Amino acid sequence: MADKSFKRLYIFAGHYGSGKTNIAVNFALHMKKNGLDVRIADMDIVNPYFRTKDSTDVLEAAGIPLVSPAFANTNVDLPALPAEMYGIIQNKNFYGVLDVGGDDRGAYALGRYAPFILEENNYEMCFVANFHRPLTRCAEDALEVMREIEAACGIKFTAIVNNSNLGGDTDAASVESTFKEAERLSEISGLSILFTSVTEELSKEVTGENIFGMTLQRKYFDLIQ
């Protein structure tokens, strides 16, 4: 993926199992490598299984502070977000990456911060799509999920991330086979494709523009297989 000027806030949302959490972690690391002072926020109050907090060690080693619900990765998962979340969204002295819960239910949590985000107007709201998932196999279905999330949080998406994969069975052909569907989603939504994400290994094999090579969280394959 080619480096370019960054927005101050990057918000990643999508359908359950789309891989938005893994994208959020890797994009925060990408911003840090580009010399930016960045924080990451786990806003998922719906899914206690696969969270940004799983990458705490990696984030800490990179010098990226993490804000997450107090009960993340415990047997208690209350629908509450810490007050520090406002700091990430309102403090313009550093950059922020927000990992939003899946679908419209998870997006409701983002809604309380929508006025601040919209007022600053320096954000990228990214719809993470996996066209190999059962409920988002085509652009039209993905667009329906996109609209539901927008209605729930009050913020329109500004870009698309194609994170189509088959877990451990992903190869270059399976990724490239979704390019037309991603382009179709771009066409009917009016949004550009920010990047296509693949593993570092596959980034050397996949042919296309704006390929973003990344590493995977520990639980990722368990979740999507």
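1. A good place to start is the pairing of Ile11, whose bridge partner in strand 5 is Met125. That contact belongs to a parallel pairing of strand 1 with strand 5 over six bridges. Please keep in mind as you read that this is a predicted model.

2. On to strand 4 (residues 95-100), which runs parallel to strand 1 and is joined to it by four bridges. Here Leu9 stands opposite Gly96.

3. How enclosed is strand 1, and what covers its faces? Six of the six residues in strand 1 (residues 9-14) are buried, so the rest of the structure largely encloses this strand. Leu9, Ile11 and Ala13 are buried on one side, and Tyr10, Phe12 and Gly14 are buried on the other, leaving both faces covered. In a regular strand, side chains alternate between the two faces of the sheet.

4. Now the wider sheet: eight strands make up an open, parallel sheet in the order 3-2-4-1-5-6-7-8. Strand 3 (66-67) and strand 8 are the edge strands, each pairing on one side only.

5. Further along that order, strand 5 (residues 123-129) pairs in parallel with strand 6 (residues 159-162) over four bridges. Within this pairing, Ala129 has Asn162 of strand 6 as its bridge partner.

6. Finally, a look at the surface. A patch of negative charge gathers Asp169, Asp171, Glu200, Glu201 and Glu205 there. Glu201 sits in the loop between strand 7 (192-199) and strand 8 (211-214). Is Glu201 buried or exposed? Glu201 counts as exposed because its relative accessibility is 56%, and the cut-off for exposed is over 50%.

Technical notes
Residues numbered from 1 in each chain as written. Predicted model: local features only at pLDDT ≥ 70, side-chain atom pairs only at ≥ 80, totals over all residues. Heavy atoms only, no water. Patch = residues over 30% accessible without salt bridge, like charges linked within 9 Å, V, L, I, M, F, W, Y side chains within 5 Å. Areas by Shrake-Rupley, 256 points an atom, 1.4 Å probe, with all protein chains shown as cover. Salt bridge = Lys/Arg side-chain N within 4 Å of Asp/Glu carboxyl O. Lys, Arg positive; Asp, Glu negative; His and termini not counted. Charge placed at Lys NZ, Arg CZ, Asp CG, Glu CD. Helix = DSSP H or I, 4+ residues; strand = E, 2+ residues; numbered from the N terminus. Buried < 20%, exposed > 50% of the residue type's maximum accessible area, 1.4 Å probe, protein only. Pairing = 2+ DSSP bridges.
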